[in-house]
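Trainee: I would like to go through this model step by step. Please take my questions in turn and show the reasoning.

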Amino acid sequence: MKKLNKAIFLAISIFASLLCKGQTTIFKTDTISYLTLKSSNIAYPKTTILYSKYTNDSILTSQIIILQENKIINSIKLPIADIEVKNFSISKIIETQNGFSISTNWGGGNNIYDTDFKFEILGNFIYLTQIANKHYGPNTEVITKNIDINILLNDFDIYSYLKL
């Protein structure tokens with residue numbers, strides 16, 4: 001019964017997020033994964049991260065939805081693979097000590113990239129605090145950038161932080 005309730009919750013959450021974004025058409029939606037943070041840090045509310053894909057005008061679109069206390073607080077529109085960013089995908093979403101990390105993979109040929117985005121939850125706010133970019137090619141390099149001024153999740157645009 002709990003699994004059914006979770007499935008219904010996820011379907012409603014995704015539908016609600018589409019409505020919140022001004023979408024009026026109902027799309028076929030698939031939740032790829034979700035993670036409810038289980039940190040012992042009680043300084044922030046119960047937080048769940050959903051990674052979902054849906055079809056919009058025959059184009060597979062994906063997003064990450066952030067919920068706190070079962071309410072949608074934000075979503076991150078992800079690049080359309082092979083149209084906006086070559087071979088873009090989410091590798092994993094994991095819990096960290098004070099929040100979560102989103103790992104992406106993209107590129108092709110001699111230029112493949114892994115980009116990790118680390119977010120920390122401070123009270124009711126979520127901030128981007130670190131970006132790690134690894135380039136696989138003729139000269140493999142790893143660049144980790146700590147963000148000097150934490151960026152609010154509301155102001156985060158993943159396109160701005162991919163090394164295009």
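The questions below go from the overall fold to the sheet, the core and single residue pairs.

Trainee: Which pattern does the chain follow, read along the sequence?

Mentor: Keep in mind that the model is predicted. Its secondary structure comes to two helices and nine strands. Read along the sequence, the pattern is α-β-β-β-β-β-β-β-β-β-α.

Trainee: What percentage of the residues counts as buried?

Mentor: A residue is buried when its relative accessible area is under 20%. The chain has 164 residues, and the share of them that meets this criterion is 40%.

Trainee: Which strands stand at the edges of the open sheet?

Mentor: The sheet has five strands in the order E5-E6-E7-E8-E9, with antiparallel pairing. A strand at the edge has a single partner strand, so one side of it is left without a neighbour in the sheet. From one strand to the next, the twist averages 15 degrees. The edge strands are E5 (89-96) and E9 (141-152).

Trainee: How many bridges join E8 to E9?

Mentor: E8 covers residues 125-136 and runs antiparallel to E9. The two strands form a hairpin with four residues between them. The number of bridges joining E8 to E9 is eight.

Trainee: In E9, what is the bridge partner of Gln130?

Mentor: Another bridge of this strand pair gives the register: Leu128 is matched with Ile151 in E9. For Gln130, the partner in E9 is Asn146.

Trainee: Which strand supplies the largest share of the largest nonpolar core?

Mentor: The core has 27 residues, and Ile64, Ile76 and Phe119 have the most contacts inside it. At least two core residues each come from E2 (47-56), E3 (59-68), E5, E6 (99-108), E7 (111-122), E8 and E9. The largest share is four residues, and it comes from E7.

Trainee: Which residues with the most contacts inside the core are also in contact with each other, taking Phe119 as the starting point?

Mentor: Neighbours within four places in sequence are left aside for Phe119. The remaining contacts include Gly99, Phe100, Ile102, Ile126, Tyr127, Leu128, Leu153 and Phe156. Ile76 is in the contact list of Phe119, and both are named among the residues with the most contacts inside the core. The pair is Phe119 and Ile76.

Trainee: How far apart in space are Tyr127 and Phe156, C-alpha to C-alpha?

Mentor: Tyr127 is found in strand E8. Beyond four places in sequence, its contacts include Phe119, Leu122, Ile151 and Leu153. Tyr127 and Phe156 are 29 residues apart in sequence, and their C-alpha distance is 8.6 Å.

Trainee: Is Thr48 buried or exposed?

Mentor: Thr48 lies in strand E2. Not counting residues up to four places away, Thr48 touches Tyr34, Leu35, Thr36, Ile65, Ile66 and Leu67. Its relative accessible area is 5%, so Thr48 is buried.

Trainee: Which residue forms a salt bridge with Lys77?

Mentor: A search of the whole structure finds one salt bridge. Lys77 is partly exposed, at 45% relative accessible area, and its partner is partly exposed too, at 39%. The closest N and O atoms are 3.7 Å apart, and the partner of Lys77 is Glu84.

Trainee: What kind of aromatic pair do Phe125 and Tyr127 form?

Mentor: This is one of six aromatic pairs found in the whole structure. Phe125 is partly exposed, with a relative accessible area of 47%. The centres are 6.5 Å apart and the planes are at 45 degrees, and the pair is tilted.

Trainee: What kind of aromatic pair do Phe156 and Tyr161 form?

Mentor: Phe156 is buried, with a relative accessible area of 10%, whereas Tyr161 is partly exposed at 24%. The ring centres are 5.6 Å apart and the planes are at 15 degrees, and the pair is stacked.

Trainee: Which residues do ring pairs link into a cluster?

Mentor: The pair of Phe156 and Tyr161 is stacked, and both residues belong to the cluster. The full membership is Phe100, Phe117, Phe119, Phe156 and Tyr161.

Technical notes. Residues are numbered from 1 along each chain as its sequence is written. This is a predicted model: local features need pLDDT of at least 70, side-chain atom pairs count only at pLDDT 80 or more; totals for chains, interfaces and linings use all residues. Side-chain values use heavy atoms; hydrogens and water are left out. Two strands pair if DSSP finds at least two bridges between them. Axes are lines fitted to C-alpha atoms, for helices over the stretch in contact, and angles run from 0 to 180 degrees between N-to-C directions. A nonpolar core is a set of buried Ala, Val, Leu, Ile, Met, Phe, Trp, Tyr and Cys residues joined through side-chain atoms within 4.5 Å. Buried means under 20% relative accessible area, exposed over 50%, partly exposed in between (1.4 Å probe, protein chains only). Contact means heavy atoms within 4.5 Å. A salt bridge is a side-chain nitrogen of Lys or Arg within 4 Å of a carboxyl oxygen of Asp or Glu. Rings of Phe, Tyr and Trp (its six-membered ring) pair if their centres lie within 6.5 Å; planes under 30 degrees apart count as stacked, over 60 as edge-to-face and the rest as tilted.
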